[in-house]
Amino acid sequence: FYMSVEAGKRMRARGGGSIVNVSSANAITPGDKQAVYSMTKAAILSMTKTLAVELAPSRIRVNAIAPGLVDTRFASSLLE
């Protein structure tokens, strides 16, 4: 949030820009036993939508990507 606010100030001074946040598919469909993770990713998605509306008049785009589960060693227990 604070990074987006500061970036927004600098982009406003330069006439526009783009902010990309990383959320998760869990923001839309919470994962089992992943309440805190899912809530924080949903908060990022909501913040992104709000900033997109607020910063649009300053020619600043705000978007989020929401990847799903990626097959990594960390995620292996979720995939099994």
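## Helix 1 and its two faces

In helix 1, the buried residues (under 20% relative accessible area with a 1.4 Å probe, protein chains only; exposed is over 50%, partly exposed in between) are Ser4, Gly8 and Met11. Look down the axis and these buried residues fall within an arc of 70°, so they line one face of the helix; the arc is taken over the directions from the helix axis to the C-beta atoms. In general, an α-helix has 3.6 residues a turn, so residues three or four places apart point the same way. Covering the buried residues are, among others, strand 1 (17-22), helix 2 (35-55) and strand 2 (60-65). Flip to the face turned away from the buried side and you find exposed Tyr2, Met3, Arg10 and Ala13.

This is a predicted model, where local features need pLDDT of at least 70 and side-chain atom pairs count only at pLDDT 80 or more, while totals for chains, interfaces and linings use all residues. Residues are numbered from 1 along each chain as its sequence is written, and side-chain values use heavy atoms, with hydrogens and water left out. Helices (H or I, at least four residues) and strands (E, at least two) are DSSP runs numbered from the N terminus.

What about the length of helix 1? Its 13 residues (2-14) should span 18 Å at 1.5 Å a residue, and the end C-alpha atoms sit 19 Å apart, which agrees; the expected span is 1.5 Å times one less than the number of residues. Just after the helix, glycine 15 takes a positive phi of about 95°.

## The nonpolar core

Met11 also belongs to the largest nonpolar core, along with Ile19, Met47, Leu51, Leu55, Ile60 and Val62. Such a core is a set of buried Ala, Val, Leu, Ile, Met, Phe, Trp, Tyr and Cys residues joined through side-chain atoms within 4.5 Å. Helix 2 gives the most to this core, with three residues.

Leaving aside residues up to four places away in sequence, valine 62 touches Ile19, Asn21, Thr48, Leu51, Ala52 and Leu55, contact meaning heavy atoms within 4.5 Å.

## Serine 24 in its loop

Serine 24 is in the loop between strand 1 and helix 2. Is this serine buried or exposed? At 5% relative accessibility, serine 24 counts as buried. Its side chain reaches the backbone nitrogen of asparagine 26 at 3.0 Å. Beyond four places in sequence, serine 24 touches Tyr37, Lys41, Ile65, Ala66 and Pro67.

Key: Polar contact = N/O pair within 3.5 Å; in protein donor to acceptor, adjacent residues only side chain to side chain.
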